[in-house]
Amino acid sequence: MTAPNRETGDLPPLEANYAISDAQVEQFWRDGFIVLRAVLSRDEVNAYGAAIRSTAMRRFAAGGMQASAHGAFLQTLGLRFDDDDVRRFCLAPRFGAIAARLLLVPAVRIFHEQALFKQPGGSDSHWHQDQYYWPLATDRSLGLWMPLVDCSREMGAIRFVRGSHRYGDLAGRDISDESARHFDDFIAGEGLEVHQTEALAAGDCTFHLGWTVHGAPANRSDAMREAMIVTFYPDGTRVDALTNPSRVNDARVFLGGKQPGELADSELNTVVYRAPRAG
């Protein structure tokens with residue numbers, strides 16, 4: 001059961017009204033990521049940010065929010081099942097429409113969402129590929145990364161390895177110091193460019209493909225870096241091989257126990273956006 005909406009009234013509806021140009025789609029597929037400005041207005045991100053923040057911190061106070069294994073951030077998943085307002089954020093048609101446009105598909109489903117709060121002094125988030133963890137048989141899964149507060153480079157703004165998605169699975173395994181060295185060697189060996197996002201305002205966001213190598217530097221500021229992540233995949237995607245413990249867990253928890261080869265269409269994986277039919 002989710003919590004009822006707050007007495008302060010309904011939040012903005014976050015309708016599908018953010019335009020993406022053909023050039024931006026081409027850039028996304030060339031680079032494996034894109035930075036989009038003002039996806040939410042200041043009023044919108046403040047309103048939904050308050051709901052996300054309070055829900056995440058209730059989890060933390062109850063022991064349901066854990067520090068990452070390498071001390072980079074506080075993390076908690078599945079917040080939309082705790083609060084109606086967080087659910088409205090995660091299932092926003094605006095995000096779904098952007099995801100579908102970038103992926104060049106007619107409809108997308110939600111995989112999961114998580115709050116990542118990097119404390120002052122929080123260490124680097126090591127290079128990794130999300131698709132290693134996601135049991136989705138597609139190269140068109142993507143993640144939205146949105147700061148809930150203005151995020152400078154000093155706070156640990158996200159960074160990407162440009163074009164790394166074209167290499168597919170780089171066998172980086174679980175996030176660790178060893179995997180960080182693995183990706184550093186790959187980046188250097190291939191001569192790839194690291195794009196460090198210098199600053200993101202609250203309500204700006206990035207989208208990146210599941211095989212895009214990415215991470216974030218340490219939080220060297222004195223403020224909490226609060227970010228929300230929502231992941232999407234095309235409707236019609238099937239469950240991929242459960243090749244590691246993370247994929248086994250994610251298929252059980254976030255895909256409703258679906259097995260390899262089955263459609264990833266459980267009741268947990270709502271269709272967030274479907275393009276209107278022409279005519």
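Here is a short chat about how the labels on this predicted model are earned.

The model is predicted, so local features need pLDDT of at least 70 and side-chain atom pairs count only at pLDDT 80 or more, while totals for chains, interfaces and linings use all residues. Residues are numbered from 1 along each chain as its sequence is written, and side-chain values use heavy atoms, with hydrogens and water left out.

Me: Why is H214 called buried?
Reply: Buried means under 20% relative accessible area, with a 1.4 Å probe and protein chains only. H214 has 5%, so the label fits.

Me: How many of the chain's residues get that label, as a percentage?
Reply: Buried residues are 52% of the 279.

Me: What makes the link between the side chains of H214 and D130 a polar contact?
Reply: A polar contact is a pair of N or O atoms within 3.5 Å; within protein, one must be able to donate a hydrogen and the other to accept it, and residues adjacent in sequence count only if both atoms are side-chain atoms. The H214 and D130 side chains make theirs at 3.4 Å. The side chain of H208 also has a polar contact of 3.4 Å with that of H214.

Me: Which residues does H214 touch, leaving aside neighbours within four places in sequence?
Reply: Contact means heavy atoms within 4.5 Å. H214's list includes H126, W127, I158 and F160.

Me: Why does the chain's radius of gyration agree with a compact globule?
Reply: The rule, over C-alpha atoms, is 2.2 Å times the number of residues to the power 0.38. For 279 residues that is near 19 Å, and the chain has 18 Å, so the two agree.

Definitions and conventions:
Buried means under 20% relative accessible area, exposed over 50%, partly exposed in between (1.4 Å probe, protein chains only).
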